[in-house]
Amino acid sequence: MKKLEILLDQFEYRVPLLSKENSKISKSNVGWHIEHSILTIMGITKAVLRSNPLDYKWKFKLSRFLIFTIGKIPRGKVKAPDIVVPKNEITENQLLSNLELTRKLILELKSTSNDHYFEHPYLGKLKKKETIRFLEIHTNHHLKIIEDIIKS
């Protein structure tokens, strides 16, 4: 969980660069990547908190195995679900406020049972530990894109 908190700190340092963009790297600017990642963490965390551990049934998923093994999400291969796509203009205040909300949700996640889970559309059901690992991989994926945009 500490790694996810460090990644959120990295996002916070980059909030002032929210309007920076490079269409050769991504169709979206830095602010979009930060907000998308925040929406993802908040949405998934809320789903874990609402889940009923008794409904969990493990099933092998090759996509989960591959992503967790290599620790990366390939760029440009998956389209983000609409629920985690930022819809409005992104501002510095909005990003900072949402980062704070995200940190509070992560604290709630820490205290929930390890048997709670999230059902990912491509990776299947992920128990709390796997969910945190996915969030770290996903957040790092977008941080790397942000770094590439900033470097250009």
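In this predicted model, the buried residues of helix α3 turn out to be R64, I67 and F68. They span an arc of only 95° around the axis, so they sit on the same side of α3. That fits a simple rule: an α-helix has 3.6 residues a turn, so residues three or four places apart point the same way. Over on the other side of α3, L62, T69 and I70 are exposed. As for what the buried side of α3 packs against, the partners are β2 (124-127) and α5. Just past the end of α3 comes G71, with a positive phi of about 70°.

F68 also shows up in the largest nonpolar core, which counts 35 residues; F68 is among those with the most contacts inside it, along with F11, I34, L95 and F134. Two or more residues of this core come from each of α1, α2 (30-50), α3 (62-70), α4 and α5 (128-151). Helix α2 chips in the largest share, with nine residues. Take I34 as a sample of the wiring: setting aside neighbours within four places in sequence, I34 touches F11, R14, V15, L95 and I146.

Then there is the pairing of α1 (residues 2-14) with α4 (residues 92-111), whose axes come within 11 Å and cross at roughly 175°. With angles over 145° counting as roughly antiparallel, α1 and α4 are therefore roughly antiparallel to each other. On the α1 side, the contact is made by L4, E5, L8, D9, F11 and E12, and on the α4 side by L96, L99, T102, R103, I106 and K110. Sorted by class, this contact of α1 with α4 has six nonpolar, one polar and five charged residues.

Definitions and conventions:
Residues numbered from 1 in each chain as written. Predicted model: local features only at pLDDT ≥ 70, side-chain atom pairs only at ≥ 80, totals over all residues. Heavy atoms only, no water. Axes fitted to C-alpha atoms, helices over the stretch in contact; angles between N-to-C directions. Helix = DSSP H or I, 4+ residues; strand = E, 2+ residues; numbered from the N terminus. Parallel < 35°, antiparallel > 145°, perpendicular 65-115°, else oblique. Contact = heavy atoms within 4.5 Å. Nonpolar A, V, L, I, M, F, W, Y, C, P; charged D, E, K, R; others polar. Core = buried A, V, L, I, M, F, W, Y, C linked by side-chain atoms within 4.5 Å. Buried < 20%, exposed > 50% of the residue type's maximum accessible area, 1.4 Å probe, protein only. Arc of directions from axis to C-beta.
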